[in-house]
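The briefing below sets out the folds, sheets, cores and helices of the structure shown here, grouped by topic. Please read the bullet points beside the sequence and the coordinates.

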Amino acid sequence: MTNHWVDIKNTDLVLIMGGNAAEAHPCGFKWVTEAKAHRKARLIVVDPRFTRSAAVSDYYAPIRAGTDIAFLGGVINYLLSNDKIHHEYVKTYTDFSFLVKDEFAFNDGLYSGYNPEKRSYDKSTWGYQVGADGYVVTDPTLQNPRCVYQMMKAHYVRYTPDVVSSICGTPKEAFLKVCEMIAGTAAPNKAMTIMYALGWTQHSQGSQMIRTGAMVQLLLGNIGAAGGGMNALRGHSNIQGLTDLGLLSNLLPGYMSLPGDVEQDYATYIEKRAFKPLRPGQLSYWQNYGKFFVSNMKAWWGDAATAENNWCYDWLPKLDKGYDLLQVFENMNQGKVNGYICQGFNPLASAPCKVKVSGSLAKLKFLVIIDPLATETSEFWQNHGEYNDVDPAKIQTEVFRLPSTCFAEEDGSLVSSSRVLQWHWKAAEPPGDAKGDQEIMAGIFLRLRDLYKKGGGAFPDPILNLTWKHRQPEAPSPEELAKEYSGKALKDVTDPKDPAKVLVKAGEQLNGFAELRDDGSTSCGCWIFSGAWSEKGNLMARRDNSDPYGIGQTLNWAFAWPANRRVLYNRASCDPSGKPYDPTRKLIAWDAASGKWGGADIPDFKPDSPPEDGMNPFIMNPEGVARFFAVDKMAEGPFPEHYEPMESPLANNPMHPKNEMARANPAARVFKEDWASFGKPDQFPYVGTTYRLTEHFHFWTKHARLNAIIQPEQFVEIGEDLAKEKGIKDGDHVRVRSKRGFIVAVAVVTKRVRTLDVEGRKVHTVGMPIHWGFMGLTKNGYITNTLTPFVGDANTQTPEFKAFLVNIEKV
Amino acid sequence: MALQSLDIKARSATTTPSPHVRIEGAIPVAKLIDISKCIGCKACQVACMEWNDLRDEVGTNVGVYDNPRDLTDQSWTVMRFSEVEVEQGRLEWLIRKDGCMHCADPGCLKACPSPGAIVQYSNGIVDFHEENCIGCGYCITGCPFNIPRISKKDNKAYKCTLCSDRVGVGLEPACVKTCPTGAIVFGSKVDMIHHAEGRITDLKERGYSNAALYDPKGVGGTHVMYVLQHGDKPELYANLPKDPNISPLVSLWKGVTKPLMNLGLGLAVFAGFFHYVTAGPKEVEEEEKTD
């Protein structure tokens, strides 16, 4: 989230889209309830289904799964055409006035530089015009047709209310009503918050859906404001920690990135990521990338990492391509993977296209499952009748199960969606032989290290030299790990302005990332977490919820990254002179007397930079401002464009009916054999979408009796029209099929799933909760991901679980 | 629970007076369920099972979100989901937490023939004391809301206790504590009515012109109340009775039939005595004794 959970109580308007906050986050949802009860806030829900969030909303609008960019593009058009934008905000804090390169073009759904064979773009034309001084050229009058404002206007003028209604299936009056309510928050004293989740990420154009939402918020001036923001509701406990620590295959901790194969040279690697300011006077904080990187390498390789060997840069793997979930299973399917350590993960159930995943696992030599539960993946080789129809005799994979603790059986920190690191304490002993994950990983590491020591190997250096200074090497403690990621001084850290002044003594924990150095004198396992465990102690364990300003800024409750800032970009909550746009919800303000920014929040800014210096709020961007024009940062293009899901009920993209290449995401990666696994509307006419229920968490809680009692059996939801057509009644068993397989489930016939009028035809949706499988206390069910397609978002490779094609019949 | 420590107002099938040594004015409590805030998450169902050490069956899905489908001896509260189109073209999903309403004039207590099996405390809570229950099911007949359920395990009736054990030590009921959105609140009935007024004002501002508090007078008012968006149509909420009252049969059976039966009994005794005195015992004739 850019803002945080408690801040939601400060809002005037909640838009829940691409997510189902009440369903998936019933506890966090109380902040929406608070906003409604105490600020008379209104709640809008836009969703293919009338969900539990819609049940308590003020307004609900239906939408066809996968068409959110068209909807939001229409909102952008509405705001620009009706001039319902925060003028001063967009002029000063965004790239509205920046001039775009003349070579950049958009033609019938494709941007300049498309390579159809590679399904990717040469992005060299996707950039700003840069002057001789190295700074971006701007037109403050906003008249130049190449300025971002004019280009954006021209791009989204095509998304008229009629076009939106036809593509999305949303009735025109409903769409306009939503636009009207949203437009009201352009006023400086009104804020809207957007709460989204997997309904936006689990699409082949998911990242661009989120981008479009962010663009709407920027037009309204809602980013950086209390009660505003783009708020991603993270799901699995500590998924936020997972991405923060860089556990995605292409990342390093703190959202640094692994080098690519072509980046064999250390200096070039750093230069490419330490962005220099593109506008005068901007902070461009990633300039300090070298400090974060070196400190991280010191944490991993300690004394072995020196200036002479570029801090062990050569020991890092260099990526030839992404190694995300889909790529790994593709490799496994090709027989290229010997073994797989599967930790806290159930891919047989969670990954798309179960038949491919099952076949891939069967090609492994060994599979290690580290999990508190007996998951479907751990039993992938076992025949469970119709629910897992495999022949164990044909599967040679050796499966090891290492039982681990669950969250209540260990100490440690979790990071919430609010970016708050909260320490939690062990409440119970684990059963039987279960061990904590650190112990299991330590056990594997120490034995591997021994084998390498004794027997050598192709390249043992990174393993032999990994720092492992734990007091009990077989059981690294959470405290030791937390101190490591928060960081410490290896040598005295001095003030750059006054070298005689020692800020942190050697051996002491650091106070924050501002103390990180690129000369090897600091060590820090995750720069954004720096400060979570300082010499003051474990700040994550603090439980003081005093709220002195009354707007939910509880700075002494645990520790937020970065630097305990609770609302990101909070400089943007003030006008260029440093006065809050809304004094009743003041986050920070410029105090001339003390020469500092301050207030209810920690400034997400250089604290002593006066307003007249013109430093802008988006301090991580080299431009200093937020981007409507994403330059080369996105795979599909600088402006989001509507593309159909890979499997769509429509034959073409209504925005570009004549261009087959612009039908679905032109930059989405599809493995060669998977093209044949996509279905067409003649055989599979209905839109399938998968989702979650309140009563369960993924495939985990079906093992818990209480959860099984309140939601015992697999079902699918269909609308009354489709039910009538197929002769299906409440409680009948139905078979739902996609090109990749079928499931059988109970039918729930409901008014909440509507037939939509799309491009002159009726489109039906089949909704499928995912929580079933063949292990646990619920009635045995099919793995819903039998049906889903093996294709993901072009930027993140998150699979397209939310929009695909199915057929349905009564069994 | 020892009767001495509780402030009891009434007991089933008992004519000896209940203890009332304590000062009048035990504060009547109430649980207020604001249906406009309820997201149907069923946390209250789980909390109730956990607090009371109950575990219902893992059932099946018959095409609805309601699980379990009905109240049982193990499920003392269930969510009931209703999809209604109150206004043309505007769908609403009304989710009501069903369970004992803790009536001020409890039909179950009135109907129950077993002394002390059903008890009403001065704070309004109606509790079953199962050790005295004979499993006759009259409480179900007497209940205008069809709440109590007889257990197949021990043939006794069970229902929501309004967590009398928690309230007795100053805690809120388990469902109140767990409700993530604060749709369920608890306190004195006066405070809950006041809170409901604020909620109703808010709902009216959002276009629910008939929002109202459900505190039905036909049972003397209840200690579990609802804020309904459509206060004029309680039946939309899974057949919540519009104007509940105790079946006249119960009133009759426990009411006028008792003195009538007593009279009848007395008359029968008197008639028998009178007959004996006047006509004497039945004598068998000599001739009839021959076989």
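In chain A, buried residues (under 20% relative accessible area, with over 50% counted as exposed and partly exposed in between, for a 1.4 Å probe and protein chains only) make up 60% of the 811 residues. This is a predicted model, in which local features need pLDDT of at least 70 and side-chain atom pairs count only at pLDDT 80 or more, while totals for chains, interfaces and linings use all residues. Residues are numbered from 1 along each chain as its sequence is written, chains are lettered from A and ligands numbered from 1 in the order in which they are written, and side-chain values use heavy atoms, with hydrogens and water left out.

**Chain A as a whole**

- The secondary structure of chain A comes to 21 helices and 33 strands, where helices (H or I, at least four residues) and strands (E, at least two) are DSSP runs numbered from the N terminus.
- Chain A has a radius of gyration of 26 Å, which agrees with the value near 28 Å for a compact globule of 811 residues; the radius is taken over C-alpha atoms, and the globule rule is 2.2 Å times the number of residues to the power 0.38.
- Taken along the principal axes, the C-alpha atoms of chain A fill a box of roughly 80 × 70 × 55 Å.
- Of the contacts in chain A with a separation of 6 or more, 70% are between residues 24 or more positions apart, a contact being heavy atoms within 4.5 Å.
- The accessible surface of chain A, by the Shrake-Rupley method with a 1.4 Å probe and, for residues, only the protein chains shown as cover, comes to about 30700 Å², of which 54% belongs to carbon and sulfur atoms.

**Chain B as a whole**

- Chain B contains eight helices and 11 strands, and buried residues make up 51% of its 291 residues.
- The radius of gyration of chain B is 24 Å, whereas a compact globule of 291 residues would have one near 19 Å, and the C-alpha trace spans about 90 × 50 × 35 Å along its principal axes.
- In chain B, residues 24 or more positions apart account for 60% of the contacts with a separation of 6 or more.
- Chain B exposes about 14500 Å², with carbon and sulfur atoms supplying 58% of it.

**The parallel sheet of chain A and the cores**

- Five strands of chain A form an open sheet in the order β3-β2-β1-β8-β9, with parallel pairing, where two strands pair if DSSP finds at least two bridges between them.
- At the edges stand β3 (59-62) and β9 (230-232) of chain A, each with a single partner strand, so one side of each is left without a neighbour in the sheet.
- The twist of this sheet averages 20 degrees from one strand to the next, with axes fitted as lines to C-alpha atoms, for helices over the stretch in contact, and angles running from 0 to 180 degrees between N-to-C directions.
- Five bridges join β1 (residues 13-17) and β2 (residues 42-47) of chain A in the parallel sense, and Ile16(A) has Val45(A) as its bridge partner in β2(A).
- Helix α10 (residues 206-220) of chain A lies across β8 (192-196) and β9 of chain A, at about 170 degrees to β8(A).
- The largest nonpolar core (buried Ala, Val, Leu, Ile, Met, Phe, Trp, Tyr and Cys residues joined through side-chain atoms within 4.5 Å) has 78 residues, and those with the most contacts inside it are Ile16(A), Phe29(A), Leu43(A), Met195(A), Phe145(B) and Tyr226(B).
- Another core, of 77 residues, lies apart from it and has Leu80(A), Tyr128(A), Met152(A) and Met230(A) among its members.

**The mixed sheet of chain B**

- The four strands β9-β2-β11-β10 of chain B form, in that order, an open sheet with mixed pairing.
- Its edges are β9 (184-188) and β10 (212-214) of chain B, each with a single partner strand, so one side of each is left without a neighbour in the sheet.
- β10(B) and β11 (residues 224-228) of chain B run antiparallel and are joined by three bridges, with Tyr214(B) opposite Tyr226(B) in β11(B).

**Helices of chain A**

- Helix α14 (residues 325-333) of chain A is largely enclosed by the rest of the structure, because seven of its nine residues are buried.
- The cover over the buried residues of α14(A) includes β12 (339-343), α15 (347-350) and α16 (354-361) of chain A.
- In helix α2 (residues 30-39) of chain A, Trp31(A), Val32(A), Thr33(A), Ala35(A) and Lys36(A) are buried, and their cover includes β1, β2 and β8 of chain A together with α6 of chain B.
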